[in-house]
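Visitor: I would like to go through this protein step by step. Please keep the answers short.

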Amino acid sequence: MEISEKRPDPVVHCQSLVGGKWKLLILYVIKSGSNRFGAMQREIPGITKQMLTQQLRELEADGLLDRKIFAEIPPRVEYTMTKRGRSLLPIVDAMKTWGEWDLAADDNDKDRYQLAMNF
């Protein structure tokens, strides 16, 4: 496969938006109802405040998340997925389904990888 310099490959484009260790997890926890910074940090083991802040900013800059600041004391910030961000949910759901299946599969199940190819 040759990747064009004029128009990026669709997989490369998608990976550039949600690739890395944290972005899909952030979208998953927001989908699951954790849309405030502290809740997200508790739901994602191992993510630092700095990394969560950086990833949220990138997702917002890429048009996948919206950030709403409420004028309260103390200030409250909530994140929601944009229409573009919600369009990624079938991918996130498929990854969750596959992960559940793979975790439940017997390690000695030789048919498991053949089934995955037909998924």
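Visitor: How much of the accessible surface of the protein belongs to carbon and sulfur atoms?

Guide: Note that the model is predicted. The accessible surface of the protein comes to about 8800 Å². The share of this surface that belongs to carbon and sulfur atoms is 55%.

Visitor: In what order do the elements run from the N terminus on?

Guide: There are seven helices and two strands in the protein. Read from the N terminus on, the order is α-α-α-α-β-β-α-α-α.

Visitor: Which helix gives the most to the largest nonpolar core?

Guide: The largest nonpolar core has 19 residues, and Ile26, Ile30, Met40, Leu56 and Leu65 have the most contacts inside it. At least two residues of this core come from each of α1 (10-18), α2 (23-31), α4 (49-61) and β2 (76-81). With four residues, the element that gives the most is α2.

Visitor: Which residues does isoleucine 30 touch, leaving out those up to four places away in sequence?

Guide: Isoleucine 30 is among the residues with the most contacts inside the largest core. Leaving out residues up to four places away in sequence, its contacts are Asn35, Met40, Leu65, Tyr79 and Met81.

Visitor: Is valine 18 buried or exposed?

Guide: Valine 18 is found in helix α1. Beyond four places in sequence, valine 18 touches Lys23, Leu24, Leu27, Leu64 and Leu88. A residue counts as buried under 20% relative accessible area. Because its relative accessibility is 7%, valine 18 is buried.

Methods. Residues are numbered from 1 along each chain as its sequence is written. This is a predicted model: local features need pLDDT of at least 70, side-chain atom pairs count only at pLDDT 80 or more; totals for chains, interfaces and linings use all residues. Side-chain values use heavy atoms; hydrogens and water are left out. A nonpolar core is a set of buried Ala, Val, Leu, Ile, Met, Phe, Trp, Tyr and Cys residues joined through side-chain atoms within 4.5 Å. Buried means under 20% relative accessible area, exposed over 50%, partly exposed in between (1.4 Å probe, protein chains only). Contact means heavy atoms within 4.5 Å. Accessible areas come from the Shrake-Rupley method with a 1.4 Å probe; for residues, only the protein chains shown count as cover.
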